[in-house]
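Student: Can we go through how the labels in a structure description get decided? I'd like to see the reasoning behind each one.

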Amino acid sequence: MQGGQLGVWELDVETGTYRWSANATEILGWEDRPLPRTVDDLLALMPEEDRGIPEERLARLLAGEPDVPRAEFRVPGPGGAIQWIEARGKISSTPGGRMVVTGTFHNITDRKQAQLELEESEERLRLALAASRVGTWEFRIPEQAILWTRETHGIFGTDPASFPGTLESFLELVHPEDRGPTRRRIEEALRSGDAYEVEHRILHPELGVRWVHGVADIQRDARGIPIRLVGTVMDVTEETRTTKALEEQRALLARQARVLEQTQAAAQVGGFERDFVTGSAWWTDQMYVLRGLDPDHFNPATDDIWTGFGDRARRMLEKAMEVVRSRGESREIVVPMTHPTRGKRWLRVALEPIRDPGSSRVTGYYGALTDITRRKREEDLLVRVARSVSTGTGTRFLESVVRDLVETFEAQEGFVGLLEADPDAPGEERIRTVARHSTSGPAPALFYPVAETPCQEVVAGKVVIHHQDVCRKFPRDEMLRDMGCESYAGAPIRDGADRTIGLIGVFSDYPHPFPSSAASLLRIFAARTGAELDRMATEEALDQKEQELHQSQKMEAIGKLAGGIAHDFNNLLTVINSSAEMARSDLETVPGDVASLAESLDEIRASGQRAAELTRQLLAFSRKQVLQAGELEIAEVVRGASSLLSRLLGDQVAVTHSFDHGSARIRADRGQLEQVLVNLAVNARDAMPGGGTLALDTRILEPGSSAEGGRSRPPGPGRWLRLSVTDSGTGIPEDIRPRVFDPFFTTKAAGTGTGLGLSTVYGIVRQSGGFIHLDSEEDEGTVFHIDLPVVDGDGGPEKPAPRVERDHPSGGPSPNPTAPPPPPPTGHGGTGGPRIGVLVLEDDDAVRRATTELLEERGLRPVAFGDLGAAARFLDDGEDQVHVVLTDRLSDREDSSRLDRMTPLPIVLLSDFPPGGQPSSGGESLGKSVTWLVRPLSTDRLVRTLRDLATRRRPEP
């Protein structure tokens, strides 16, 4: 560097001393002056206002700042003239470990002088240009007066003669929105002494809003005090509008470019273009990203554009480009590519031709490249999921669903859960998983509360996806916390009525980047699962209906059998009882010791009565027993039976009852309903050998409601009253529950039970128009639910039923309030009254003989026939000899119609049950009032009824 204009300096940081290159004296012109040895020596040579510049630069270097700007300062030159020095430096360390600042310096006096001269020249030029503008003006500060040239008045549209020439009058011409900024700019110029320049709008009286540009310089007096502003003003309306339009266009283009760039990055779309004429090519930034190429080292015009494509993909692309070039047609293809860092990717390439506007010749192409890897993977996943959930049924299907969930979402665990009432939190719901699968295999069922868990959002009908922090979002979910869940996704399962019945879900103990199609995938799984659960429920309901149908058919068949048995048995009982009564009557007139014979006959009669009770049980379970139905308040029935049940069950069994049925009433036979309670209580007692509790509860099942236990909904339309009989006994084993209502089925030891108790209950409930079903768990007790229809508020209109007379269990007759008291019997056997003719129609010889003898014994005049033909012939000739008809033949509709046509006489029907099983059907079929007597019955009751009917209906003599 000897003899050059660039010198070198070095500052020892520790000692604060300088070292200079040999040419420093020449550069500075200091042949007669020593070079400064210290920083202070150097600063002493500078003007005071320049000393802060090198100090500040040096401090920044010592602070380790890497890029410190150069310093410019003045020092004395030869002959005392001022010269300008420019210095640069950086901090470093010597091999010995000393910190030094080294740098360069050179004399810039000539350049600085030229720069100052240039600035002065530019200032003169600026003033000249300003003076040559359309309008000039002057603001005299001491007088606060404005002087405008004629041209200036023309710009503002003012009259020189009337313009006040004050600052306020000028500001009034400025647009209101620009008035404040313009005032502040003038005040700032006066305060700082800087040049004044402003652009603002004015309100021209004729041209409206205009834009003006004003500039001015401040002139000072000898003391440096500003005394005036002198400047120019120019109407720049058109230029301003053009400039603003250009700025807005540039801003719009910049915004569009930014949006396009961001959109391409978000959508992973890259653009490209190639010119066949010039051979040039252009790619967007995103194109380089998608291809995995460096824009600083790859030129699409000259380098191999097929990098990353296989042979087949390359041939497909070349063919597409050739079609675009030769035919001018658009092309779109999907090809695979290997990315240098991201592996295999799928790309959609769209090509469009570029045409010469003049000749329409294809001169190139442009297009877009889209990374569709994720979309293609999700499409493949959707297809695979759709296939995986399209096969299998039942439990196997649910197991496959949770397994597919885990595999599809690469999750730690998947589950299918159903919504149900939470027994530990009344009014709340919980999830019971019906299938679970984890990465280690099938998992046991869970019972999961819904409240304050992610499941709560799902069962509300939402598809929920939490990629991470699920435990933090649901801090009260203890199960999530115990399992360490981090991510969760779930979707609701709906049934055919679009009600949420459960959910499917997956979760993991790590953050999970669920795919964008996760919601769609979950909906597919949930929809298929809901359809399968619906199918399973329908199949279960059909199975239940089929079982109920089989049970009903079985009970119907057994009922017919029992009815036939009861009929034949009653015939036998009629003979036994009639014979016993006649024998007992004869004994009263036979002398001698006949006590033993009387005792035997009493035993025959007692046995007959016991057999009659068995007949009633057979008829009850066959649902053909005569019911005396009426409106009942169930609470009264239960309370009335409670004392009887308490005595029956003993001190070890507590009987409780709870009523929640309001004022609802039912229609049933009170005695038979009490029989139901007794039979169920006896069963409960046998199931609680060590004692326990028998609870009788009621509630109302509204239409569409759900009920815990047993049937989930009412058995039919309308309101139903449910009577539940619950014991705390040993429960009923699952394998025998379907058979408990079967007749003659019993689990008791031989000789200790008939097997008709629950069959009788079933028959009474069904005949009353109701349903009965049970819930039971071994060692947890049994509950029988009896559902009976609720009658209307006013009880509904009651149809008149034929008069039915029935013996009490004690053997005495039931009083008939519509019948007058029968005439008292006269003489032995009641023979003192008029002889009443009775036509006996009975096809059983033994019964016919016994009945005839019995009636003759009681003073009646019977005439007996075994078939309708003989009876009809007799009535044709001697109807006046008969006053009443006694028969058991009205169960046959044809016989009923023939008998109706044969005679207008009153008819007494001896029957085990009314025709059709209902008291009204027989009377309707005969078209007249019929008195039914239900067998077995006492002879006294039969005779009184016959006499009563014959006496009331016999014509006057």
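**Rings, burial and contacts**

Tutor: Sure. Under the pairing rule, the count comes to 18 aromatic pairs. Keep in mind that this is a predicted model.

Student: Why is the pair Trp720 and Phe771 called tilted?

Tutor: Their planes are at 55 degrees, with the ring centres 5.7 Å apart. The centres have to lie within 6.5 Å, and stacked needs under 30 degrees while edge-to-face needs over 60. So 55 degrees makes the pair tilted.

Student: Where in the chain do Trp720 and Phe771 sit?

Tutor: Trp720 is in strand β27 and Phe771 in strand β28, 51 residues apart, so the pair links distant parts of the chain.

Student: Which of the words buried, partly exposed or exposed fits Trp720, and which fits Phe771?

Tutor: Buried means under 20% relative accessible area, and exposed means over 50%. Trp720 has 7%, so Trp720 is buried. Phe771 has 22%, so Phe771 is partly exposed.

Student: And what makes Thr698 count as buried?

Tutor: Its relative accessibility is 5%, which falls under the 20% cut-off. Thr698 belongs to strand β26.

Student: How do you know that the side chains of Thr698 and His661 make a polar contact?

Tutor: They come 2.7 Å apart, and the limit is 3.5 Å. A polar atom of the Thr698 side chain also lies 3.1 Å from the backbone nitrogen of Asp660.

Student: What makes the charged end of Arg325 count as over the ring of Phe276?

Tutor: The charged end is 4.1 Å from the ring centre, and the distance cut-off is 6 Å, along with an angle limit of 35 degrees from the ring normal.

Definitions and conventions. Residues are numbered from 1 along each chain as its sequence is written. This is a predicted model: local features need pLDDT of at least 70, side-chain atom pairs count only at pLDDT 80 or more; totals for chains, interfaces and linings use all residues. Side-chain values use heavy atoms; hydrogens and water are left out. Helices (H or I, at least four residues) and strands (E, at least two) are DSSP runs, numbered from the N terminus. Buried means under 20% relative accessible area, exposed over 50%, partly exposed in between (1.4 Å probe, protein chains only). A polar contact is a pair of N or O atoms within 3.5 Å; within protein, one must be able to donate a hydrogen and the other to accept it, and residues adjacent in sequence count only if both atoms are side-chain atoms. Rings of Phe, Tyr and Trp (its six-membered ring) pair if their centres lie within 6.5 Å; planes under 30 degrees apart count as stacked, over 60 as edge-to-face and the rest as tilted.
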